[in-house]
Amino acid sequence: MEAFTDADLTHTGSEINYYFVCKRKLWLFSHNIELESDSDLVLQGKLLHEHSYKRKLKEIAIDKIKIDFIEKTNEVHEIKRSRKVEDAHLYQLLYYLYYLKKHSGLDTKGVLNYPLLKKTVKVELTPQKERKLQQIIHEINQITKLTKPPEAKWIPYCKSCAYSEMCWG
Ligand code: SF4
């Protein structure tokens, strides 16, 4: 693996998430083929976000990342409409913690909020998780450098993916 530099803090949280969901989706999204804003799921997610937690949280945007933050507890919150806790959510949030550490020298903890599950998961950036995250970012860099997107492979997620028409239409 090449040496890791701050220049690698150029990804969005969504890119980290899509690495786990589908490498083709990661490539399409990272090449600015953005269909997400029209997706019903994203819209539902946004509404859920606004109704469930918005009043408690302060949204902060730093370069390409946008996070929900509680100043008093130094916690970064990420809200997911999913009914399942997934690595995609975990590493997206770990990336925010990592970003804040490298970019701003902030030592923060994370909380994943699942309003549909009525569940929260505490997330900590341990040295082991940090190494794994660096490996993931390295692989994301390799994928996004490809001249064309990886082939489409059907997964159940395709049914609700914003790129479904493009891959399977
Ligand atoms: S439709 Fe399926 S294969 Fe295509 S980008 Fe989405 S998840 Fe990947």
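**Briefing: sheet, helix packing and ligand shell**

An open sheet of five strands, ordered β1-β2-β3-β4-β5, has mixed pairing. The strands β1 (58–62) and β5 (119–123) stand at its edges with a single partner strand each, so one side of each has no neighbour in the sheet. The model described here is predicted. The points below cover the sheet, the contacts of helix α1 and the residues around the ligand.

**The sheet and helix α4**

- On average, and with direction ignored, neighbouring strands of this sheet are turned by 35 degrees against each other.
- The edge strand β1 pairs with β2 (residues 65–70) in the antiparallel sense, over five bridges.
- Within this pairing, Ile 60 has Ile 67 in β2 as its bridge partner.
- Helix α4 (residues 87–104) packs on the sheet and touches β1, β2, β3 (75–79), β4 (109–114) and β5.
- The direction of α4 makes about 150 degrees with that of β3.

**Helix α1 against helix α2**

- Helix α1 (residues 13–21) and helix α2 (residues 23–30) have axes that come within 6 Å and cross at roughly 150 degrees.
- Because angles over 145 degrees count as roughly antiparallel, α1 is roughly antiparallel to α2.
- From α1, the residues in this contact are Ser 14, Glu 15, Tyr 18, Tyr 19 and Val 21, which meet Lys 25, Leu 26, Phe 29 and Ser 30 of α2.
- By class, the residues of the contact of α1 with α2 are five nonpolar, two polar and two charged.

**Helix α1 against helix α4**

- The axes of α1 and α4 come within 8 Å, and they cross at roughly 150 degrees.
- The two helices α1 and α4 are therefore roughly antiparallel to each other.
- The crossing of α1 and α4 is right-handed.
- On the α1 side, Gly 13, Ile 16, Asn 17, Phe 20 and Val 21 take part; on the α4 side, their counterparts are Asp 87, Ala 88, Tyr 91, Gln 92, Tyr 95 and Tyr 96.
- Seven nonpolar residues, three polar residues and one charged residue make up the contact of α1 with α4.
- Val 21 of α1 appears in the contact with α2 and also in the contact with α4.

**The shell around the ligand**

- The ligand is surrounded by 13 residues, of which Cys 22, Lys 25, Cys 158, Cys 161 and Cys 167 are the closest.
- Two or more residues of this shell come from each of α2 and α6 (164–168).
- Helix α2 gives the most to the shell, with three residues.
- Nine residues of the shell are nonpolar, one is polar and three are charged.
- Lys 25 is among the residues closest to the ligand and also belongs to the α2 side of the contact with α1.

Conventions. Residues numbered from 1 in each chain as written. Predicted model: local features only at pLDDT ≥ 70, side-chain atom pairs only at ≥ 80, totals over all residues. Pairing = 2+ DSSP bridges. Helix = DSSP H or I, 4+ residues; strand = E, 2+ residues; numbered from the N terminus. Axes fitted to C-alpha atoms, helices over the stretch in contact; angles between N-to-C directions. Contact = placed C-beta atoms within 7 Å. Parallel < 35°, antiparallel > 145°, perpendicular 65-115°, else oblique. Nonpolar A, V, L, I, M, F, W, Y, C, P; charged D, E, K, R; others polar. Left-handed = near helix turned anticlockwise from the far one by under 90°. Near = placed C-beta within 6 Å.
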